[in-house]
Amino acid sequence: MADTTVDQWENTAAEYGHAYQHTPPARLLGDSVLDFLDVRQLLSRRQSADHRTRLCHVAARLAATAGIALVAMGEHREARAWYRVAQLAAEETHDRALRAWLVAREAVIPFYYGAPAGAAELAERARVIAGTTVCATAAWAPALKARALARLGRPEEARAAMLLAERAFVRLGAEHTADLAYGYTERQLRWHMGSMYTTLGDIRRARQSLDQALNLYAPTQYLDRALIALDQADGLMRIGEIGSGAQIGMAAVATLPDEHRTGIVLARAREVAAAVPPRAARLPLVVDLREMLALPN
């Protein structure tokens with residue numbers, strides 16, 4: 001196999017990573033699986049050691065892309081299966097950063113689907129795998145753990161974990177902080193800080209961080225922008241601004257193109273709506289939000 005062929009596959013995997021923010025998850029899933037099958041076919045043939053390692057890296061990223069799409073669609077079990085496939089491929093690369101990134105990716109599943117303890121455990125495992133390697137997961141994993149600990153009602157531990165994330169972030173190079181797909185950008189750090197502060201009830205800091213994050217995202221980066229807006233809605237509801245929170249929550253969902261209105265966004269929106277106190281359940285905007293999300297009033 002020519003080096004240029006492997007180069008093309010590496011570029012393809014990178015393009016998928018950048019596409020997940022604006023490509024509909026169903027299309028991303030189908031395309032990445034088809035390409036994964038092609039790469040698996042190449043790996044079934046005899047390759048040089050270097051080409052095999054590089055193709056395994058590509059296979060791991062393509063399988064992870066399938067997992068990312070399935071998480072967005074709310075298909076947890078299938079997503080975990082693809083992350084396991086990705087880990088098997090990553091083991092052949094001996095790339096610690098890649099393995100850590102895959103574990104952190106899997107931690108997103110329990111975080112958004114009601115198991116913060118599991119998310120904290122996986123995030124810590126990802127941080128340990130990363131070790132002293134300067135890589136995106138060294139910052140991303142403790143930030144994810146901080147958000148999970150905040151949901152578990154452990155504020156001091158959450159702040160300590162976020163401090164680790166901030167310290168790791170300043171050590172990252174431009175190749176990590178400029179890569180939205182496989183790196184860890186400032187906009188992600190600001191969002192995750194705001195998410196943690198929202199859960200902890202520190203709404204002033206939450207607003208500041210979330211506003212900074214939104215200003216750094218492009219309008220077509222649908223997924224993260226919607227999740228940030230839902231964090232903003234959550235924060236408003238926590239300080240009693242129920243109507244404003246419900247309005248932002250509705251806008252976060254309603255303004256999404258239909259193909260991006262998927263499981264992870266709807267799960268977070270339902271979580272925000274379900275947290276409305278009973279005394280405010282009959283407010284018109286709250287009723288509208290719950291009807292949009294097909295929740296009982």
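**Exercise 1. State what covers the buried residues of helix H6 (residues 116-130) in this predicted model, and identify those residues.**

Solution. The cover of the buried residues of H6 includes H4, H5 and H7, where contact means heavy atoms within 4.5 Å. Helices (H or I, at least four residues) and strands (E, at least two) are DSSP runs numbered from the N terminus. A residue is buried under 20% relative accessible area, exposed over 50%, and partly exposed in between (1.4 Å probe, protein chains only). By that criterion, the buried residues of H6 are Pro 116, Ala 119, Ala 120, Leu 122, Ala 123, Ala 126, Ile 129 and Ala 130.

Ala 120 serves as an example: it lies in helix H6 and counts as buried because its relative accessibility is 8%. Apart from neighbours within four places in sequence, Ala 120 is in contact with Lys 145 and Ala 148. The C-alpha atoms of Ala 120 and Glu 259, by contrast, are separated by 30 Å, the two residues being 139 apart along the chain.

Conventions: residues are numbered from 1 along each chain as its sequence is written. The model is predicted, so local features need pLDDT of at least 70 and side-chain atom pairs count only at pLDDT 80 or more, while totals for chains, interfaces and linings use all residues; side-chain values use heavy atoms, with hydrogens and water left out.

**Exercise 2. Determine how the axes of H5 and H6 are oriented to each other, and describe the contact.**

Solution. Axes are lines fitted to C-alpha atoms, for helices over the stretch in contact, and angles run from 0 to 180 degrees between N-to-C directions. The axes of H5 and H6 come within 8 Å and cross at roughly 175 degrees. Angles under 35 degrees count as roughly parallel, over 145 as roughly antiparallel, 65 to 115 as roughly perpendicular, and the rest as oblique. H5 and H6 are therefore roughly antiparallel.

Among the residues making the contact are Val 103, Ala 107 and Phe 111 of H5, and Leu 122, Ala 126 and Ile 129 of H6. By class, the contact has 14 nonpolar, 1 polar and 4 charged residues. Here Ala, Val, Leu, Ile, Met, Phe, Trp, Tyr, Cys and Pro are nonpolar, Asp, Glu, Lys and Arg are charged, and the others, Gly among them, are polar.

**Exercise 3. Compare the spans of H6 and H7 with the expected values.**

Solution. The expected span is 1.5 Å times one less than the number of residues. For the 15 residues of H6 this gives 21 Å, and the end C-alpha atoms are 21 Å apart, which agrees. For the 16 residues of H7 (residues 136-151) the expectation is 22 Å, and the end C-alpha atoms are 23 Å apart, which also agrees. In H7, 14 of the 16 residues are buried, so the helix is largely enclosed by the rest of the structure.

**Exercise 4. Explain why Cys 56 and Cys 135 form no bond.**

Solution. A disulfide is a pair of cysteine sulfur atoms within 2.5 Å. The sulfur of Cys 56 is 20 Å from the closest cysteine sulfur, in Cys 135, which is too far for a bond. The structure accordingly holds 0 disulfides. Cys 56 is buried at 2% relative accessible area, and Cys 135 is buried at 3%.

**Exercise 5. Locate a residue that has a positive phi although it is not a glycine.**

Solution. Most residues other than glycine have a negative phi. His 94 has a positive phi of about 60 degrees. His 94 is found in the loop between helix H4 (76-91) and helix H5 (96-112), and its 72% relative accessibility counts as exposed.
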